Amino acid sequence: MKKVLSLFLSIILVTSALFALPLTSYADEDDTETPEVVTIAKLTAGMKSFTAKWYPVEGVSGYQLQYSTRSIFTDAKTVTIKATDEIDDGDDTDETEQEEIETDGEGMISKSIKMLSANKKYYVRLRTYKLTDGKKIYSVWSSAKTIVTKGSDSEEEADECEHTPLPVVIEKMNPATCVTEGSYDRVVYCKDCGEVISRETVKIPMMSHTPIADKAAPATFKADGKTAGAHCLICGKVIAEQTVIPKLASPKLSKVNKNKKAFTATWEKVDGIDGYQIQYSTNKAFKKGKISGTKTVNIKASAAKMKIKKLKSGKKYFVRIRAYKTIGDKKQYSKWSAKKAVKTK
């Protein structure tokens with residue numbers, strides 16, 4: 001029974017001690033009165049800004065407006081507004097902006113917060129403070145209100161910023177080419193609100209073509225050639241068209257007439273060559289050697305016939321012709337023509 005009574009008395013003593021503890025408040029350890037709580041009456045969204053309004057509270061030294069993009073105010077910024085024009089010489093440990101009080105036509109205090117993010121949700125709250133013996137005593141924060149800033153131009157916000165122009169910047173640069181015009185924008189932004197004050201699109205004239213030579217290619221007996229030309233290095237447009245030069249033709253024997261210990265070969269002239277070669281032999285395969293007597297004679301390009309002399313009398317000879325042309329430093333030949341046979345007198 002004594003143990004139960006002792007335990008009951010202990011509980012009573014602990015409870016009494018707990019209720020006797022002082023309550024924590026925003027005031028100092030003395031009995032200084034906590035300032036009156038203030039609430040935000042109006043919260044209006046602006047262009048990358050918002051405006052908070054509240055009714056003044058008597059007997060306070062100023063107000064603190066706090067805003068954040070987070071509901072728990074971990075990244076909050078605080079602005080201090082003095083309630084009077086007197087100099088605040090207290091020990092202000094808050095690293096906040098201090099500004100003079102502004103009132104509107106309704107008797108409310110008004111404070112605009114600018115240079116914020118567009119279309120962003122902000123949490124805003126307010127409290128008062130009183131300066132006593134060089135120390136600031138704060139009220140509790142008001143309930144937080146939310147506001148979403150605007151992100152596009154509106155007539156309502158046009159009067160809120162007089163616009164301080166920044167130097168012109170160049171945007172949307174599209175260089176001109178030899179096919180299309182170019183353009184760029186000259187843009188002036190406002191230093192205060194960041195909005196576009198003016199935007200001018202400037203056209204860049206179309207550039208002239210940049211010619212690059214296309215080398216000529218001589219015609220050969222195997223392939224066509226081309227004349228010299230030119231095209232644009234940038235767009236590839238043909239400036240000077242190249243003309244096809246048909247490949248060189250191979251000559252053909254028209255006839256071979258027999259003469260006394262000789263024969264006369266006749267052919268149709270071929271253009272664009274340097275000369276001809278006539279080959280004759282007693283061997284129809286034109287094998288080389290003293291027995292076959294295969295020989296080759298060079299003839300100028302202007303000739304159309306040739307008499308081959310000092311041959312054996314009554315001997316059968318096989319005859320063929322081809323053309324040649326020097327291209328670069330190399331002599332190129334056409335195919336041999338079909339052979340013709342002739343028997344000398």
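User: Which residue in E12 is the bridge partner of Val 188?

Analyst: Reading a strand pair begins with a matched pair of residues. In this predicted model, Val 188 is bridged to Ser 198 of E12. That pair belongs to a ladder: strand E11 (residues 182-189) and strand E12 (residues 196-204) run antiparallel and are joined by 8 bridges.

User: In the hairpin of E11 and E12, how many residues stand between the strands, and which residue takes a positive phi?

Analyst: The general idea is that most residues other than glycine have a negative phi. Between E11 and E12 there are 6 residues, and Gly 194 in this hairpin has a positive phi near 80°.

User: Which residue in the turn of the E23 and E24 hairpin has a positive phi?

Analyst: The turn between E23 and E24 holds 2 residues, and the one with a positive phi, of about 70°, is Gly 328. The strands that flank this turn, E23 and strand E24 (residues 330-333), are antiparallel partners over 4 bridges. One of the matched pairs is Ile 327 with Lys 330 of E24.

User: What is the phi of Asn 119, a residue other than glycine?

Analyst: For Asn 119 the angle is near 55°, thus positive. The residue sits in the loop that links strand E6 (109-113) with strand E7 (121-132). Its relative accessible area is 55%, so Asn 119 counts as exposed, the cut-off for that class being over 50%.

User: Where does Lys 310 lie, and what is its phi?

Analyst: Lys 310 occupies the loop between strand E22 (305-308) and strand E23 (316-327). Its phi is also positive, at about 55°, although the residue is not a glycine. With a relative accessible area of 84%, Lys 310 is exposed.

User: In what order do the strands E1, E2 and E6 form their sheet, and is it open or closed?

Analyst: A sheet is read from edge to edge, by following which strand pairs with which. Here 3 strands give an open, antiparallel sheet with the order E1-E2-E6. Strand E1 (42-46) and E6 are the edges; each has a single partner strand, so one side of each has no neighbour in the sheet. From one strand to the next, the twist averages 15°. Within the sheet, E1 and strand E2 (residues 49-54) run antiparallel and share 5 bridges, and Ala 45 has Phe 50 of E2 as its bridge partner.

User: Which strands are the edge strands of the sheet that includes E22?

Analyst: That sheet is open too, with 3 strands paired antiparallel in the order E18-E19-E22. Strand E18 (253-259) and E22 are its edges, each pairing on one side only. The average twist between successive strands is 15°. Strand E19 (residues 262-267) meets E22 through 4 bridges in the antiparallel sense, and Phe 263 faces Ile 308 of E22 across that pairing.

User: Is Trp 54 buried or exposed?

Analyst: In a regular strand, side chains alternate between the two faces of the sheet, so the burial of each residue has to be read individually. Trp 54 is part of strand E2 and counts as buried, because its relative accessibility is 0%, where the limit is under 20%.

User: With which residues is Trp 54 in contact, leaving aside its neighbours within four places in sequence?

Analyst: Its contacts include Val 38, Thr 39, Ile 40, Tyr 63, Ile 81, Met 108 and Leu 126. Thr 39 is 15 residues from Trp 54 in sequence, with a C-alpha to C-alpha distance of 6.5 Å.

User: Which residues make the nonpolar surface patch of about 270 Å²?

Analyst: Val 168, Ile 170 and Met 173 make up this patch. Ile 170 belongs to strand E10 (residues 169-174) and is partly exposed, at 48% relative accessible area.

User: For the chain, how many helices and strands make up the secondary structure?

Analyst: The chain has 2 helices and 25 strands. It is 345 residues long, and 33% of them count as buried. Among contacts with a separation of 6 or more, 57% come from residues 24 or more positions apart. The accessible surface is about 22700 Å², with 52% of it belonging to carbon and sulfur atoms.

Note on methods:
Residues are numbered from 1 along each chain as its sequence is written. Side-chain values use heavy atoms; hydrogens and water are left out. Buried means under 20% relative accessible area, exposed over 50%, partly exposed in between (1.4 Å probe, protein chains only). Patches are made of residues with over 30% relative accessible area and no salt bridge: like charges are joined within 9 Å, nonpolar side chains (Val, Leu, Ile, Met, Phe, Trp, Tyr) within 5 Å. Accessible areas come from the Shrake-Rupley method with a 1.4 Å probe; for residues, only the protein chains shown count as cover. A salt bridge is a side-chain nitrogen of Lys or Arg within 4 Å of a carboxyl oxygen of Asp or Glu. Two strands pair if DSSP finds at least two bridges between them. Axes are lines fitted to C-alpha atoms, for helices over the stretch in contact, and angles run from 0 to 180 degrees between N-to-C directions. Contact means heavy atoms within 4.5 Å.
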